[in-house]
Amino acid sequence: MTEKDKDEVALQRFVEYIQIKTVQPEPDYDSAMKFLKNYAQELGLEYRAVTLDESRQAALLTWPSTSSTETSIVLNSHIDVVPVFEEHWMVPPFSGEIRDGKIYGRGTQDMKCVGIQYLEAIRRLKAAKYEPKRTIHCLFVPDEEIGGVRGMGKFITLDECKALNIGFVLDEGLASETDVFQVYYGDRSVLWIQFLVKGNTGHGSRLIENTAAEKAQFILNEMLKFRANEKECLEKSEATDKLIQLGNVTTVNLTKLTGGVQQNVVPDQYSLYFDCRIKPDGYDAFKEFLHDVIKRTPKENDDEVILHYVQDSGRVCITDVEKPSWWLNCFKRTCEQMKCKTNWTVFPAATDGRYLRGEGYPAIGFSPMINTPILLHDHNEYLHKDVFLHGIEIYVKLLENLTNGESAYVIQLPSGSFKSPAEAAESYLEKLEKGGAKKTRPFQVDLVSYSPSITNSKTVHVLSHSEYPASSFAFAEQSNSQMLVADNTFIALMNKLKTLRAFETRLPKMEARGTRLEYQDFVINLGTVSQSQTTKGLVLEVAYVPMDETRDGYCLIQEFLQSFLNMPKQMIQKLITEQLSHWIRSLKDKKDAEYTPSITLLQYMDILIHMRKQPNE
Ligand SMILES: [Zn+2]
């Protein structure tokens, strides 16, 4: 498929998706699910329909990783779109008509574009024979536009969600009218409230005491005073501090006011409805403010002013973007690579991202649309096809960076102060578990060395690692050759050569056996090394899964060892300088410092050979 063909098919799928009327209040979810199922088949992705309730499903399109248990990336989008006022549209809103390069239709910005961009990025990566080292899930959920309670709100409660082992989530953002991409790390709380005020009633010709209207007036004044303050705060900051944006203030709007029955009767009650969007960290204070307003409202009895929460999203969680993390580094690095300027801010409304953040998953909102007017929920919503296609390129790079590589580090742990290596292993294990690491399964690394029977030949070390069950790793001693990665039949071949007396296994087999543990993005293999039933020492492999640049990973792993195993800095430094400095040096010489499992196996080889030479304790 040529680049042009890929663009064509991407546009075609985009238009097809727009043409499916997933419009609230009666979205055609069935057709959308069918479309996504076919799409998955076309791309060679696993497809699953996750049932949320009798009339709702979420579609999960999965590209499984080539490696085992790393956390996954979730690319989320919602299937539904908001209603249209057809008479205000230049083209039929569900046609996907393209005029002057602009694709028109409901959902072109919010957010069918993003859903298609995820999948088309995957099509391109697959065409390039890329293999992700992290599983990628494309999640399509219903009902975002009506609050998501029965959509994402339900999904996060299911075992299917927990089973995804989510590491990082991408969700929707907003278009940007400039050349700066908007990146959202949180959204505001949504609070829809109703004040019901009651008072004395009577004929419209009298001056009755304690009326509902006086209470309504007081509350309205207080609420609008609050609104004016926030507005001023935003306007002032726009001139001085660009960091305070709409997402960082609380907005309050009177959206409905009802009451009264007849022109000449003083109403006994009014209802005032407000749509309030509360800035992060402002939730509790805002509720306090509401109760204070009620307290101060002039009234004879407390039951004359009733506050009712029509919708309350609760406190919102923010994804901490101050703390460095693999995905954040990765996202920022990708933006640099793609020459994308970014502005990190709080989403002015609420999206499904809040449910995921609430569960503790880091999530950011990002819709790659620059130089585009914000037309979500507006008439004549469109997206220029060049912006749409460029977005696919951005996701290609993002997915590649987010799903490739890991960085591992193998060291010999000191066991001198313990009675035995076994006892030392117990103690280290305890420390790791106390710190929150979870045991997952046993692990094992074996080293068999084949010495040549014929002179002039070289010793061949063959290693196997339980995390790479289908591979064996071979290294010819004293050669500058690379490590050979072969399948399991290689060991059978070596043993055959042994029976032919080309090689013999004079040197004892070395075995590392122990436990695999996981802690967030770290994978830890802790094991005791034995040689012919004699314990020789301890070995620890720490892998920092998400890092594709091996040297960066080392720094984090050093930190991990220091804090987790409670090791003195000096000891860590000793371990690093003595055991690993040459790895780091050799990587520095290499232009391509990308991690491969061979690097880990080379480190094991070094340690195991070193231990073999050590006298038994
Ligand atoms: Zn949306």
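1. Let us start with D143, which sits in the loop between β6 (136-141) and α4 (152-155); helices (H or I, at least four residues) and strands (E, at least two) are DSSP runs, numbered from the N terminus. Phi of D143 is near 70°, a positive value in a residue other than glycine. D143 counts as buried because its relative accessibility is 2%; buried means under 20% relative accessible area, exposed over 50%, and partly exposed in between (1.4 Å probe, protein chains only).

2. A word on the model before going on. This is a predicted model, in which local features need pLDDT of at least 70 and side-chain atom pairs count only at pLDDT 80 or more, while totals for chains, interfaces and linings use all residues. Residues are numbered from 1 along each chain as its sequence is written, and side-chain values use heavy atoms, with hydrogens and water left out.

3. D281 also has a positive phi, near 70°, in a residue other than glycine. Look for D281 in the loop between β13 (269-278) and α7 (283-296). D281 is exposed because its relative accessible area is 80%.

4. Please check two cis peptide bonds as you scroll. One runs from Q24 to P25, with omega near 5°, and P25 belongs to the loop between α1 (3-19) and α2 (29-43). Another joins D110 and M111, where omega is about -15°; M111 is in the loop between β5 (102-104) and α3 (112-127).

5. Now to the metal. H78 (NE2), D110 (OD), E172 (OE) and E172 (OE) coordinate the zinc ion at 1.8 to 2.6 Å; donors are N, O and S atoms within 2.8 Å of the metal (3.2 Å for Na, K and Ca), and sites may look incomplete, as water is not among the atoms. The angles among the four donor atoms run from 54 to 147°, and the site is irregular. For reference, four donors count as tetrahedral if all angles lie between 85 and 135 degrees; four count as square planar and six as octahedral if opposite donors are over 155 degrees apart and all others between 65 and 115; anything else is irregular.

6. Along the sequence, the zinc donor residues follow the spacing H-x31-D-x61-E. Distant parts of the chain are linked by D110, in the loop between β5 and α3, and E172, in the loop between β7 (166-171) and β8 (180-187), 62 residues apart. Both D110 and E172 are buried.

7. The UniProt record, an unreviewed entry, places the feature "binding site" at H78, D110 and E172; such annotations may be inferred rather than shown by experiment. These residues span 95 residues in sequence, yet no two of their C-alpha atoms are more than 8.6 Å apart, so they gather at one spot.

8. H78 deserves its own visit, in strand β3 (residues 72-78). H78 is buried, as its relative accessible area is 1%. Among its contacts (heavy atoms within 4.5 Å), not counting residues up to four places away in sequence, are Y17, M111, V141 and D352.

9. P348 lies in the loop between β15 (341-347) and α9 (353-358). P348 and D187 are 161 residues apart in sequence but 6.2 Å apart in space, C-alpha to C-alpha. Leaving out residues up to four places away in sequence, P348 touches L174, Y184, R188, L246, G247 and R277.

10. Finally, the cysteines. C161 counts as buried, at 0% relative accessibility, and C276 is buried too, with a relative accessible area of 0%. How many disulfides does a search of the whole structure find? Zero, where a disulfide is a pair of cysteine sulfur atoms within 2.5 Å.
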